[in-house]
Amino acid sequence: MNEVVFSKAEGRIGIIEINSPPVNALSHAVRDGIVRALQTARNDKDVEAIVLICAGRTFIAGADIREFGLPPKAPHLPEVVAALEASPKPVVAAIHGTALGGGFEIALGCHYRVAGVAAKVGLPEVKLGLIPGAGGTQRLPRLIGVEGALQMIMSGNPIAAKKAAEMGAVDHVVLDDLLKETIDFTGKLLDECAPLRRLCDIQIDPGSVPENYYDEFRLANARRMRGYFAPERIISAVQAAVEMNFEDGMRRERELFIECLHSPESIALRHVFFAERKAGKVDGLTKDTPLRDTKSVALIGTGTMGGGIAMNFASKGIPVHMVDVDDAAIERGMAVVRSNYMRGVKKGRMSEAQFDTLMQLFIPTTNYEDLAGVDLVIEAVFENMAVKKDIFRRLDQVCKPGAILASNTSTLDLNEIAAVTSRPQDVVGLHFFSPANIMRLLEIVRGAETSLEVLATVMGLAKKIGKVGVVSGVCHGFIGNRMLEGYIREAGLMLLEGAKPEQIDRVLYEFGMPMGPIAMGDLAGIDVGAKVREERRRKGTFPADERFGLVADKLVAMGRCGQKTGAGVYRYEEGSRAAIPDPEVQTLIQNEAARLGISQRHLSDEEILTRCIYPLINEGAKILDEGIAQRASDIDIVWINGYGFPPYRGGPMHYADHVGPGKIYEQICRYRDTLGNEFGYWESAPLLEKLASDRRKFADL
Ligand code: 3H9
């Protein structure tokens, strides 16, 4: 017996209970406890069978990720699983919550599996850049077949108990008292002298796997696998389960697991796992910070953005007032909502009845007075300070005391908006990313006077609607868009210097971005950036650099705004999103370069990559230094979830640590010297310089 694993007996059934909050992860203490408890049950002659169950909110959620990278300590997980499987007395896993990774592998080592109806099982290791390393790749194909196992391991998604039972991964699903019903199930096994079902004894017939199966699987999953290290190793491990005996297969799995464990991709993905959880911890907030109600919401501005935002709440059963200037505007927004939900109906993800119930949650109105009782109002009109201020003045008049007043602004000064109300403590920024019903990021902008209560409430709300909330201080563009500027600027400058759009896009795509900066501009609409530049020029806050945004501005003036107008930097065939390089644009770029006296040259892929990514990192360092972001890992979460930065690179700041802040600092200085620094583009962030001279990393801060 140890402090986290407990044994007792009920009649002839021994019970091993793991109680290691929060998620019963398989720390050394848990592994050691299981082996000892198993031994105790084996030695107890009154015990004929064993039930393995967990206390708290879940069955074992996996290996203890915090122990990865530390010197391994026996008993190792594969040995624990083997000990369960080798038990001469039947062992039955009783699963509630989520049996994940090593947790599910423990269950696979048991001879039978019983699950509560709300339980889920899965092997999510791929999401951490790993393969299952305690026999999952060897036992699961033996239990449910190669196809089901490969799909499950490759997706990493957990499967609900009933589905798992249909697939054969679970033997029995129970509705009520998991322990009691598992004891009954185990008693029956004993009465019926049921055999010990050891998965290691099953040999898969290699002939059962169709010819070319693995190649076809690779092809079908090519997009999902792009840039990731683990998926290819998952295929190899499952192939080993088919082609080798169990012991050799286990050895192969171990080798592949260790390769993954030390890969930069897995280190990055494990960083992302903890970074996401850390982002939820905000200075000044405690578990006791009071929360406000968010039982009703209103959206001001029902365009594509407003509609998308509203869907997040309706999907959680929260009624949403849809407010706009007239019925036609509201109807346009509702049409977007309707067609988005309808897509779900057509794909079978929701029934017609569910669709109707959802649609009833939307309350259209043009009257601000109707918002008197609403808990949270989100303004999502276009980026114009005067319009936003006007709306907040009106909200201040009609909303009840304590209502949260939020703006979806992506660039504007939230403090200026809050200042027009009599309650700046209730004002917060909620910056959703387009499409707002899909993108996971929610930048939560904390104004100078935003109260802790409001902040805590919206952080909780983000989680409730399935977003990852990251807090940002107030500055132009907040964390994400402020960093985007240098990335986009350099791409535009490099066009003038001689790089082809398709080269720039290829380099960033190969780095792992979903698309390159030029293609992204065409998708989002290059007129959007042009408007922001125009506004900033008017205000005198834009660099007096004619080159900055020049190509895009010229194209917008020609009516080429991107995909939506059939042409931007690239050309698009009717109804197609395939970007076609356009010689006309190439001529325009060459002429502009000649006019400005820029002699075009060949740019290496390396230069393109570093000139796009390093300014982004440099700006991130400034953001950190200024306290706009609380920690470097928050910036990583913003860029992964809002801009598609490849998760397997861990986000820009983790990537900076991987390359080395010193190396990045030196390259920025080199660009300062060779490209010139008239506009401060290559001014190194003091924090980056400091890390370089101290030989430290962002993770050390
Ligand atoms: C594996 O098993 C490898 C094996 O195949 C082979 C080995 C040889 N370890 O997410 P939450 C912490 S790889 C350590 O907020 P929820 C988490 O950091 C593993 N800590 O709760 C947080 O801590 P804090 C495969 C862990 O209810 C707290 O628990 N398994 C682990 O929203 C609560 O977490 C996985 O990948 C862990 N494994 O979601 C499953 N898991 O309070 C990973 C959680 O200090 N876990 N913590 O911030 C999850 O997916 C979710 O945590 C879970 C609960 C669904 C379980």
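1. I begin with a loop of this predicted model. Pro435 is located in the loop that runs between strand 15 (427-432) and strand 16. The peptide bond joining Ser434 to Pro435 is cis, with omega at about -10°. The reader may wish to view this bond together with strand 16, which spans residues 441-445.

2. Val445 belongs to strand 16 (residues 441-445). Is Val445 buried or exposed? Its relative accessible area is 1%, and Val445 is therefore classed as buried, the cut-off being under 20%. Between the C-alpha atoms of Val445 and Leu100 there are 34 Å in space, and the two are 345 residues apart in sequence.

3. A second cis peptide bond deserves attention in the N-terminal part of the numbering. This bond joins Pro21 and Pro22, and its omega is about 0°. Pro22 sits in the loop between strand 2 (13-18) and helix 1 (28-43). Asn24 is likewise placed in the loop between strand 2 and helix 1. The phi angle of Asn24 is near 55°, a positive value in a residue other than glycine. Asn24 counts as buried because its relative accessible area is 1%, and buried means under 20%.

4. Phe478 also has a positive phi, near 55°, and is a residue other than glycine. Where is Phe478 placed? Phe478 is in helix 19, which covers residues 478-497. Phe478 has a relative accessibility of 0% and so counts as buried.

5. The division of the chain is as follows: domain 1 takes in residues 5-261, domain 2 residues 297-472, and domain 3 residues 480-628 + 660-700. The C-alpha centres of domain 2 and domain 3 are 31 Å apart.

6. The largest nonpolar core holds 77 residues. Which of these touch the most other members? They are Ile479, Ile504, Leu508, Ile613, Ile617, Trp639 and Phe698. Helix 25 (residues 605-625) supplies the largest share of this core, namely ten residues. Domain 2 (297-472) and domain 3 (480-628 + 660-700) each contribute at least three residues to this core.

7. The ligand has 28 residues around it. Those that come nearest are Arg57, Gly102, Glu105, Glu125 and Arg277. By class, the shell around the ligand consists of 16 nonpolar, five polar and seven charged residues.

8. Several polar atoms of the protein can be inspected next to the ligand. For Glu125, a polar side-chain atom lies 2.5 Å from an oxygen atom of the ligand. For Arg277, a polar side-chain atom is placed 2.7 Å from an oxygen atom of the ligand. Ile65 takes part through its backbone: a polar backbone atom of Ile65 is 3.0 Å from a nitrogen atom of the ligand. How much of the ligand does the protein cover? On its own the ligand has 1000 Å² of accessible area, and the protein covers 77% of this.

9. Three elements give two or more residues to the shell around the ligand: strand 5 (98-100), helix 3 (102-109) and helix 12 (264-279). Helix 12 gives the most, with three residues.

10. Arg649 lies in the loop between helix 26 (632-643) and helix 27 (652-659). Arg649 is at 25% relative accessibility and therefore counts as partly exposed. How far apart are Arg649 and His271 in sequence and in space? The two are 378 residues apart in sequence, while their C-alpha atoms are 9.6 Å apart in space.

11. Glu689 is part of helix 29, residues 686-694. Because its relative accessible area is 41%, Glu689 is described as partly exposed. Glu689 and Gly135 are 554 residues apart in sequence, and the C-alpha to C-alpha separation in space is 46 Å.

Notes: Residues are numbered from 1 along each chain as its sequence is written. This is a predicted model: local features need pLDDT of at least 70, side-chain atom pairs count only at pLDDT 80 or more; totals for chains, interfaces and linings use all residues. Side-chain values use heavy atoms; hydrogens and water are left out. A residue is near a molecule or strand if one of its heavy atoms lies within 4 Å of it. A polar contact is a pair of N or O atoms within 3.5 Å; within protein, one must be able to donate a hydrogen and the other to accept it, and residues adjacent in sequence count only if both atoms are side-chain atoms. Accessible areas come from the Shrake-Rupley method with a 1.4 Å probe; for residues, only the protein chains shown count as cover. Helices (H or I, at least four residues) and strands (E, at least two) are DSSP runs, numbered from the N terminus. Ala, Val, Leu, Ile, Met, Phe, Trp, Tyr, Cys and Pro count as nonpolar, Asp, Glu, Lys and Arg as charged, and the others, Gly among them, as polar. A nonpolar core is a set of buried Ala, Val, Leu, Ile, Met, Phe, Trp, Tyr and Cys residues joined through side-chain atoms within 4.5 Å. Buried means under 20% relative accessible area, exposed over 50%, partly exposed in between (1.4 Å probe, protein chains only). Domain bounds come from an automatic or database domain assignment.
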